[in-house]
Structure formats: structure tokens, C-alpha cells
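Student: I am new to this structure and would like a close look at a single part of it. Could you walk me through the aromatic rings and what surrounds them?

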Amino acid sequence: MSLIETILKRRSVRTYTDDEIPEEKLEKIVQAGLLAPTSRNRKPCEFYVVKDKEILEKLAKSKSAGSSMLENANTAIVVFADSEKADTWIEDSSIALAYMDLMANELDIGSCWCQSHLRYSAENEKSEDVIRKIFSMDEKYRVVGILSLGIAENKPESHNLSEIDERKVSYF
């Protein structure tokens, strides 16, 4: 499959079957995140691959809305970065998340990016703080988001190139 086909196929999937993700596919998804470029190659990003259902339930409550799919996900990948290692931790983490999201879709694994940075729990606690507590993380680690993963219960239709609004592009 070409990269543009993978991009067109990529859709947010929030409902999953109970089927396990094959380990070789999960490994490729993680590798994609590790291969993502970072500013000045500082590589501040780290990942927690979570399969434990109790932790997934806690992560599902880390935001007041938009994270409930984590409770029924087969796996989630928490993406965080050492903010002392790079001031580009948001960008670096976002690129890693995007690479893993695209790889998941390339491998027919349903995925959804769940933003944590600048979000709050139902108790009005910063989502990042909730996640740091779950994993006993140091304050220097900043959490951009979580990628939920699972075998898609329903596969959404792919996008197509006719959806592109070329008026948003200017050439000089």
C-alpha cells in the first residue's frame, strides 16, 4: 500500500472487538514511534504500552470526555516526553503519535488519538497529572496523548482525494 493510501484509510476507531492484537503488529507500531524524527535528534519521547484492563479503565477516566474508548481498547500507548531533554516535547510526541497511528492503520489495527495535554478530568484535574499519578511519573515528563488500539469492530470508509480543499493551499 502506498503512503497516500494509508493516509486516506486512516480513520479514528473507537469501538473494538475482544480480539488480541498480534504481537508482531504491536511491535511494528511501537517501532514506528521510535523511528519518528525529533528536533535535533534528542529523542525525548518514551512509551508505555498498556494492556492491563485496570490501567486502561483508569486512563479512560483521565479526561472528562473523549477517552472512554480506552476502557474497551485491547492496548493503549501512552506517549510522554522528558521536557528537560527537549523544549520541542509537544511536537516530538505528536510526530511519534502520528507515526504510530499511521502504522496501526497500515496494519489494519483500529486506533484513535486521545489528547491529554491541555485537557482535564471530570474532577477538573489536569489529564496529564492524572496519568502521571497512575504511573508514578516525575513532573519533568509531559504527556501529549494516548493512542488507543484494537481490532476495529466496524471499519469506517476511507477518505478520498475529492475531499481535499485545495483552496487552503497557496503557492509562492
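Student: How many aromatic pairs does a search of the whole structure find?

Tutor: Happy to take you through it; please keep in mind that this is a predicted model. The search of the whole structure turns up three aromatic pairs. Let us begin with Y48 and F80, whose rings form a tilted pair, 4.6 Å centre to centre with 40° between the planes. This pair links distant parts of the chain: Y48 belongs to strand β1 (residues 45-50) and F80 to strand β2 (residues 75-82), 32 residues apart. How do the two partners stand with respect to burial? Y48 counts as partly exposed because its relative accessibility is 29%, while F80, at 1%, counts as buried.

Y48 also pairs with F135, and that pair is tilted too, at 4.6 Å centre to centre and 35° between the planes. Here again distant parts of the chain are linked, since F135 sits in helix α5 (residues 127-135), 87 residues apart from Y48 in strand β1. With a relative accessibility of 19%, F135 counts as buried; the cut-off for buried is under 20%. Taken together, Y48, F80, F135 and Y141 make up one aromatic cluster.

Now turn to helix α3 (residues 53-60), where L56, L59 and A60 are buried. Viewed down the axis of α3, its buried residues fall within an arc of 105°, so they line one face of the helix. Those buried residues pack against β1, β2, α5 and β4 (141-150), and β1, β2 and α5 are the elements you met with the ring pairs. At the start of α3, D52 has a side-chain oxygen that comes within 3.0 Å of the backbone nitrogen of E54.

Next comes the nonpolar interior. In soluble globular proteins, nonpolar side chains tend to be buried together. The largest nonpolar core in this model has 21 residues, and L59 and F135 are among those with the most contacts inside it, as are L70, V78, I131, M137 and I146. The elements giving two or more residues to this core are α3, β2, β3 (110-115), α5 and β4. For L70, if we leave aside neighbours within four places in sequence, the contacts are L56, L59, A60, A76, C114, I146 and S148. So L70 touches L56, L59 and A60, the buried residues of α3, where contact means heavy atoms within 4.5 Å. Apart from this core lies another, of 20 residues, including V30, L97, M100 and V144.

Key:
Residues are numbered from 1 along each chain as its sequence is written. This is a predicted model: local features need pLDDT of at least 70, side-chain atom pairs count only at pLDDT 80 or more; totals for chains, interfaces and linings use all residues. Side-chain values use heavy atoms; hydrogens and water are left out. Rings of Phe, Tyr and Trp (its six-membered ring) pair if their centres lie within 6.5 Å; planes under 30 degrees apart count as stacked, over 60 as edge-to-face and the rest as tilted. Helices (H or I, at least four residues) and strands (E, at least two) are DSSP runs, numbered from the N terminus. Buried means under 20% relative accessible area, exposed over 50%, partly exposed in between (1.4 Å probe, protein chains only). The arc is that of the directions from the helix axis to the C-beta atoms. A polar contact is a pair of N or O atoms within 3.5 Å; within protein, one must be able to donate a hydrogen and the other to accept it, and residues adjacent in sequence count only if both atoms are side-chain atoms. A nonpolar core is a set of buried Ala, Val, Leu, Ile, Met, Phe, Trp, Tyr and Cys residues joined through side-chain atoms within 4.5 Å.
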